[in-house]
Amino acid sequence: MKALAVRPGIPNSAQMIDLDAPDKSEGRILVRSCVVGICGTDLEIIEGGYGEAPPGEDRLVLGHESLGEVVEAPGVTGFAPGQLLVGIVRRPDPEPCDHCALGEWDMCRNGLYSECGIKQRHGYAREFYRLEPEFAVPVKQSLRDLGVLLEPASVVAKACSLALHFLKRTGVPAQTALITGAGPIGLLAALASRQYGLETYVVDIVDSGPKPDLVRDLGAHYHAGPATDLSISPELVIECTGIGAVVRQAGSVAAPGAVVALTGISATPSAQEVDLNLANRNLVLTNKVLFGSVNAARAHYELAERVLSRADPGWLARLISRRVPLESWPEALERRPDDVKVVLEIEDGVSA
């Protein structure tokens with residue numbers, strides 16, 4: 001079968017390869033790959049920034065944002081042929097830490113986890129793969145190929161659920177949210193924020209293209225410029241850029257007692273120094289919570305599926321700005337001005 005793979009650590013080594021059919025030892029559920037999302041992580045792996053091949057191999061199959069259709073599954077798995085599913089990205093370490101033993105793989109303490117398409121485990125950018133049921137999340141048929149948004153939505157679901165948990169430490173409900181960055185994660189965060197009933201503001205650097213309209217069509221506010229331009233005092237901040245200056249601006253407008261969730265990572269070095277004493281002083285004296293969040297556990301995938309199922313499918317469809325067939329995969333790696341989410345179509349469509 002065909003697969004899109006790289007030699008980790010070697011820049012621009014992505015190529016289409018022939019791969020053996022998945023062995024039954026990989027999982028009881030045989031899945032036909034339908035759609036795979038492309039994100040910044042994939043591009044950084046292709047550029048040689050990181051990524052690890054499975055033990056004993058020199059190539060890593062890409063793709064951690066998946067949507068597949070069950071081809072065969074024993075009855076005891078709880079899945080049936082024709083059912084849509086998404087594969088969980090992170091897998092627990094061979095000798096589980098306390099968190100992995102509880103199914104909280106996203107909180108692994110010893111770093112011995114593996115990740116599909118990222119670290120020591122092949123991803124989903126191949127024609128077929130196998131899964132064990134505990135790493136397969138069912139997707140409503142009504143979502144169809146929009147289910148490929150489930151993995152990025154799971155990252156948002158985790159950050160939002162943790163932030164809302166922290167906000168419960170007081171009896172005053174949150175009213176306003178600030179989202180920094182209007183990429184797929186930021187837009188999905190805005191979707192979740194609006195579903196929670198929060199007045200939502202999204203800031204980004206672009207003033208044209210699809211992003212402003214996507215934000216406004218959620219009933220949220222869009223601003224092309226820094227958060228400090230806005231006269232707001234948000235109790236919830238979801239930071240999606242990883243850019244130090246943006247983080248500082250968001251923190252400075254956050255309300256006393258606010259919760260700031262950091263979900264972005266920037267590969268660009270910063271020339272600016274941070275006064276940690278001052279940052280600490282501000283956090284302490286204003287009772288703010290600042291935390292980082294990455295990856296997701298099964299519960300977050302399930303929460304994300306509910307968020308997507310409640311959304312307007314027309315709005316979700318507009319997040320996917322380009323669909324590229326597998327044979328034209330280099331086009332999916334191009335960065336174009338109006339891109340939001342680019343996906344690789346491994347197969348021609350999803351069964352009804």
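**Note on helix packing, sheets and a buried proline**

1. In H3, Leu150, Glu151, Ala153, Ser154, Ala157, Lys158 and Ser161 meet His300, Tyr301, Leu303, Ala304, Glu305 and Leu308 of H8. By class, the residues of this H3 and H8 contact are seven nonpolar, three polar and three charged. The model is predicted, and every point below should be read that way.

2. Now the geometry of that pair. Helix H3 covers residues 150-167 and helix H8 covers residues 298-310. They pack at an angle of about 105°, and their axes lie 8 Å apart. H3 is therefore roughly perpendicular to H8, since angles of 65 to 115 degrees count as such.

3. H8 also packs against H4. Here the angle is about 80° and the axes are 10 Å apart. So H4, too, is roughly perpendicular to H8. Leu188, Leu191 and Gln195 contribute from H4; Val307, Leu308 and Arg310 contribute from H8. The contact has four nonpolar residues, one polar and one charged. Leu308 of H8 thus appears in the contact with H4 and in the one with H3.

4. What span should H4 have, and what span does it have? Helix H4 runs over residues 184-195, twelve in number. At 1.5 Å a residue, the expected span is 16 Å. The end C-alpha atoms are 17 Å apart, which agrees.

5. Is H4 enclosed or open? Nine of its twelve residues are buried, so H4 is largely enclosed by the rest of the structure. The cut-off for buried is under 20% relative accessible area. The buried residues are Pro184, Gly186, Leu187, Leu188, Ala189, Ala190, Leu191, Ala192 and Ser193. Two of the H4 residues that contact H8, Leu188 and Leu191, are on that buried list. After H4 comes Gly197, with a positive phi near 85°.

6. Strand S13, residues 199-204, has five of its six residues buried. S13 is therefore largely enclosed by the rest of the structure. It pairs with strand S12 (residues 176-180) in the parallel sense, over five bridges. In this pairing Thr176 stands opposite Glu199 of S13.

7. Pro234 deserves a look. It sits in the loop between strand S14 (221-224) and strand S15 (236-239). Its relative accessible area is 0%, so Pro234 is buried. Which residues does it touch, leaving aside neighbours within four places in sequence? They are Thr176, Ala177, Leu178, Val253, Ala254, Ala255 and Ala258. Thr176 is also the residue opposite Glu199. The C-alpha atom of Leu131, 103 residues from Pro234 along the chain, is separated from that of Pro234 by 41 Å.

8. One open sheet has three strands in the order S2-S1-S4, with antiparallel pairing. Strand S2 (15-18) and strand S4 (60-61) are at the edges. Each has a single partner strand, so one side of each lacks a neighbour in the sheet. Strand S1 (residues 2-6) pairs with S2 over four bridges, in the antiparallel sense. Ala5 stands opposite Gln15 of S2.

9. Another open sheet, also of three strands, has the order S7-S8-S9 and mixed pairing. Its edge strands are strand S7 (90-91) and strand S9 (120-121), each pairing on one side only. S7 and strand S8 (residues 114-116) pair in the antiparallel sense over two bridges. Arg90 stands opposite Glu115 of S8.

Methods:
Residues are numbered from 1 along each chain as its sequence is written. This is a predicted model: local features need pLDDT of at least 70, side-chain atom pairs count only at pLDDT 80 or more; totals for chains, interfaces and linings use all residues. Side-chain values use heavy atoms; hydrogens and water are left out. Axes are lines fitted to C-alpha atoms, for helices over the stretch in contact, and angles run from 0 to 180 degrees between N-to-C directions. Angles under 35 degrees count as roughly parallel, over 145 as roughly antiparallel, 65 to 115 as roughly perpendicular and the rest as oblique. Contact means heavy atoms within 4.5 Å. Ala, Val, Leu, Ile, Met, Phe, Trp, Tyr, Cys and Pro count as nonpolar, Asp, Glu, Lys and Arg as charged, and the others, Gly among them, as polar. The expected span of a helix is 1.5 Å times one less than its number of residues. Buried means under 20% relative accessible area, exposed over 50%, partly exposed in between (1.4 Å probe, protein chains only). Two strands pair if DSSP finds at least two bridges between them.
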